[in-house]
Amino acid sequence: MKKESKYKIEFLIVMCAFGILGPIIKAINLPSSAIACLRAWISTIVLTIYFVLSKRHISKETLKASIVPLIFCGICMAGDWIGLFESYNYTTVASATVAYYMEPIFVVIGCAIFLKEKIRKKHYICILVAFVGMAMISGIVENGVPKLADLKGVLLAMLGGLFYAGIVLLNKKYLTDVDPVFRTDVQLFVAGIITIPYVCLTEDVSSFSLDTKSVLLLLFLGVVMTAFTYIFYFTNIVRIPTQTAAIFSYGDPVVAVIVSVLFMHEPITIYGIIGAILVIGSAIVGELE
């Protein structure tokens, strides 16, 4: 029981850490798609070096059994990032955020169907309450539902959420016994390969320029906020109940809102405060026996 609590705490810390990505990405002088690509490659290089220096070993049998799921996980990771980033070009960040954070619901439903995990009714309710809270935080309650013109953006964001659910399902079903460093490294490597053509097709690469601050932030993003946080993420996602992971996933947007208010001086309304309370409250209630 103590070990499971440790895994839950580590997972929650990782999800909350993801909430500070917004200010970091905004401060880097590159398009978000290029940042995603470089993030994948920097973290891949770091993890490969770490894997070799720590003398970890993957047996041929394990490699043969896991390589296909790992490749699909990498494809899902790239689809997750690209779907979310692309959605910002067609709809508001608020609408995209609400659509994307359908993903914990996708995860719970997927695990119930494909992994035959038993999900308690209480957790379904908590996840739905957390989603309502996210809708209030994002501003959709005040601004209304997306117009028809925004539909493409909303669908892209939901597609990103579906890809995220795919990452969780594949890791839980096929990769629980694979070394977490190797598992993370391969998935990021595949995501890096896929994002290269996407960046080349959607951005003017010749116009890219980096200052010293952007380089340092990119290194921090790739090494600390991706390589090492993803190790903890993929290690613990297979060790904790699906409903817990789904609820704790909302730690990311809640922290993002807190950071934006305290450090970026972005306004927050009473709806946002109530939404944060609903998200945090549902996470606490979901974990109470």
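Where in the chain is Lys55 found? Lys55 is found in the loop between helices H3 and H4. The model described here is predicted.

## Overall architecture

The secondary structure of the chain consists of 14 helices and zero strands. The radius of gyration is 19 Å, close to the 19 Å that the globule rule gives for 289 residues, so the chain is as compact as a globular protein of that length. Along the principal axes, the C-alpha atoms fill a box of roughly 55 × 50 × 35 Å.

Buried residues account for 51% of the 289 residues. The chain exposes about 14,300 Å², and 72% of this area is supplied by carbon and sulfur atoms. Among contacts in the chain with a separation of 6 or more, 90% are between residues 24 or more positions apart.

## Helix H3

Helix H3 runs over residues 32-53 and has 22 residues. From its first C-alpha to its last, H3 reaches 32 Å, which is close to the 32 Å expected at 1.5 Å a residue.

Many positions can be checked against the structure here. The buried residues of H3 include Ser33, Ala34, Ile35, Ala36, Cys37 and Arg39. Further along the helix, Ala40, Ile42, Ser43, Thr44, Leu47 and Phe51 are buried as well. What covers the buried residues of H3 includes helix H1 (2-18), helix H2 (21-27) and helix H4 (60-87). Helices H10 and H11 (212-237) are also part of this cover.

## Two lysines with positive phi

Most residues other than glycine have a negative phi. Lys55, which follows H3, has a positive phi near 55°. Lys55 is exposed, with a relative accessible area of 74%.

Lys116 also has a positive phi, in this case near 60°. Lys116 lies in the loop between helix H6 (103-114) and helix H7 (121-138). At 68% relative accessibility, Lys116 counts as exposed, because the cut-off for exposed is over 50%.

## Leu84 in helix H4

Leu84 lies in helix H4, one of the helices that cover the buried residues of H3. Is Leu84 buried or exposed? Leu84 has a relative accessible area of 16%, so it is buried; the cut-off for buried is under 20%.

Leaving aside neighbours within four places in sequence, Leu84 is in contact with Tyr100 and Leu156. The C-alpha atoms of Leu84 and Ala96 are 7.2 Å apart, while the two residues are 12 residues apart along the chain.

## Arg183 in helix H10

Arg183 lies in helix H10, which covers residues 180-202. Which side chain of opposite charge is nearest to Arg183? That side chain belongs to Asp179, and it is 7.5 Å away. A salt bridge needs a nitrogen and a carboxyl oxygen within 4 Å, and Arg183 has no salt bridge although it is buried.

Residues up to four places away in sequence are not counted among the contacts of Arg183. With those set aside, Arg183 touches Leu70, Asn171, Leu175 and Thr176. Val178, Phe234, Thr235 and Val238 are also touched by Arg183.

Note on methods
Residues are numbered from 1 along each chain as its sequence is written. This is a predicted model: local features need pLDDT of at least 70, side-chain atom pairs count only at pLDDT 80 or more; totals for chains, interfaces and linings use all residues. Side-chain values use heavy atoms; hydrogens and water are left out. Helices (H or I, at least four residues) and strands (E, at least two) are DSSP runs, numbered from the N terminus. Buried means under 20% relative accessible area, exposed over 50%, partly exposed in between (1.4 Å probe, protein chains only). Lys and Arg count as positive and Asp and Glu as negative; His and the chain ends are not counted. Contact means heavy atoms within 4.5 Å. The expected span of a helix is 1.5 Å times one less than its number of residues. The radius of gyration is taken over C-alpha atoms; the globule rule is 2.2 Å times the number of residues to the power 0.38. Accessible areas come from the Shrake-Rupley method with a 1.4 Å probe; for residues, only the protein chains shown count as cover.
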